[in-house]
Amino acid sequence: MRIVSGIQPTGNLHLGNYLGAIRNWVRMQDEVAAGGGQSLYFLADLHAISMPHVPADLAANTYEMTAALVACGIDPDKSVLFNQTQVPAHAELQWLLGGTARMGWLNRMTQWKDKAGKNREGQSVALFTYPVLQAADVLLYQATHVPVGEDQKQHLELARDIAQKFNNDFASEAAPVFTLPDPIIPPEAARIMSLRDGGSKMSKSDPSDMSRINLTDDADTLMNKVKKAKTDPEPLPGDKAGLEGRAEAANLVGIYAAMAGTTVEAVLGEFGGQGFGRFKPALGELLVESLAPINARFVELRTDRAALGQILAKGAAKARELAAPTLAKTYEALGLVR
Ligand code: TYM
């Protein structure tokens with residue numbers, strides 16, 4: 001097994017990132033190491049320049065996100081932890097795959113459509129070709145599995161399409177250049193929604209900080225956000241069917257279940273019939289208790305830029321080594337002389 005996944009170092013790590021992806025990264029790093037495989041996790045800093053950004057913030061966030069990932073349990077001795085920028089093969093492979101990816105495929109990406117809105121002409125070229133870089137990120141390492149939240153599923157399907165077309169066009173069936181990666185999406189936390197609006201996902205780009213729980217929030221902030229989370233006046237139902245049409249309630253129950261490592265049914269078994277006045281404090285406490293160790297670790301690590309820089313440099317050296325054979329094969333398959 002070869003696990004590869006990435007996160008953009010923009011803003012804080014939030015509960016959606018954690019439950020949708022990072023918690024699986026941590027779980028998988030041990031499983032994979034036990035089976036003799038390899039896990040690679042990276043900061044998608046090259047992706048972060050596809051939207052308007054402040055350079056000094058990007059640099060600061062790259063260190064902060066590194067600290068946050070280590071605080072969550074990514075162990076730089078077990079996993080290869082790095083930032084894309086220090087491994088130029090990502091950008092190189094993106095260009096090489098640019099001959100294979102089709103405009104029509106990229107035009108269908110929902111993230112592109114959502115982010116560009118009605119102003120496609122005014123968007124950066126990088127926002128449009130973003131999924132090709134993402135394909136390069138995973139194909140470069142022959143990833144077999146990619147742990148992500150639901151919102152990245154379409155990008156991974158595109159990576160598979162690119163890999164398949166490249167293999168068909170430039171390689172023999174017996175010796176394909178790329179492995180087709182499978183997504184790993186946690187069923188119980190595939191899509192954590194905003195605390196202010198059950199119809200939109202929890203996201204770093206939401207202007208309201210009250211919409212998300214950051215892993216760096218202190219206990220008071222966290223309790224306050226849960227207390228103020230949007231809900232409806234009804235008590236919680238006794239079963240899952242009763243959550244239909246109640247997006248905000250469903251989201252909070254889902255968060256509780258994911259955090260406690262149990263099912264939605266079990267949570268409703270305990271809290272069914274009770275109002276949010278009872279449920280919210282219980283959820284808040286569960287979050288504070290579960291996130292406190294991560295928070296403490298993060299505060300300890302975040303200011304030591306030298307140590308964080310060393311982690312990234314060491315990870316990048318290993319990643320460059322792992323990337324080299326596939327990059328060489330790709331150049332060769334395309335007839336490019338090096
Ligand atoms: P990013 O930085 O937006 O998010 C990182 C991971 O968190 C997941 N996630 C969520 N899961 C559940 N509920 C939510 N509300 C939620 N919000 C975010 C995302 O699905 C993701 O797994 N393009 C990617 C980064 C990337 C990447 C890659 C991922 C670049 N190259 C290669 C995998 C493989 C992104 O912007 O994720």
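Colleague: What makes you split the protein chain into domain 1 and domain 2, and which residues go where?

Modeller: The split comes from the domain assignment, which puts 2–190 + 305–334 in domain 1 and 209–300 in domain 2. Bear in mind that this is a predicted model. Taken over C-alpha atoms, the two centres are 30 Å apart.

Colleague: How do you know that domain 1 and domain 2 are in contact?

Modeller: Contact needs heavy atoms within 4.5 Å. By that rule, 15 residues of domain 1 touch 14 residues of domain 2. Between them the domains bury about 1,200 Å², with 72% of that on carbon and sulfur atoms. On the domain 1 side, N12, L15 and A71 lose the most area, together 39% of what that side buries. Helix 3 (55–72) gives the most to that side, with six residues.

Colleague: How many salt bridges and polar contacts cross the interface?

Modeller: The rule finds zero salt bridges, but three residue pairs are in polar contact.

Colleague: What makes the largest set of residues a nonpolar core, and which have the most contacts inside it?

Modeller: Members must be buried residues of the nonpolar kinds, joined through side-chain atoms within 4.5 Å. The largest such set has 57 residues, with L15, L19, I22, F279 and L287 having the most contacts inside it.

Colleague: Why do you say this core lies between the domains?

Modeller: Domain 1 and domain 2 both give residues to this core, so it lies between them. Apart from it there's another core, of 43 residues, including W112 and Y331.

Notes
Residues numbered from 1 in each chain as written. Predicted model: local features only at pLDDT ≥ 70, side-chain atom pairs only at ≥ 80, totals over all residues. Heavy atoms only, no water. Buried < 20%, exposed > 50% of the residue type's maximum accessible area, 1.4 Å probe, protein only. Domains from an automatic or database assignment. Buried area = accessible area lost by both parts, 1.4 Å probe. Salt bridge = Lys/Arg side-chain N within 4 Å of Asp/Glu carboxyl O. Polar contact = N/O pair within 3.5 Å; in protein donor to acceptor, adjacent residues only side chain to side chain. Helix = DSSP H or I, 4+ residues; strand = E, 2+ residues; numbered from the N terminus.
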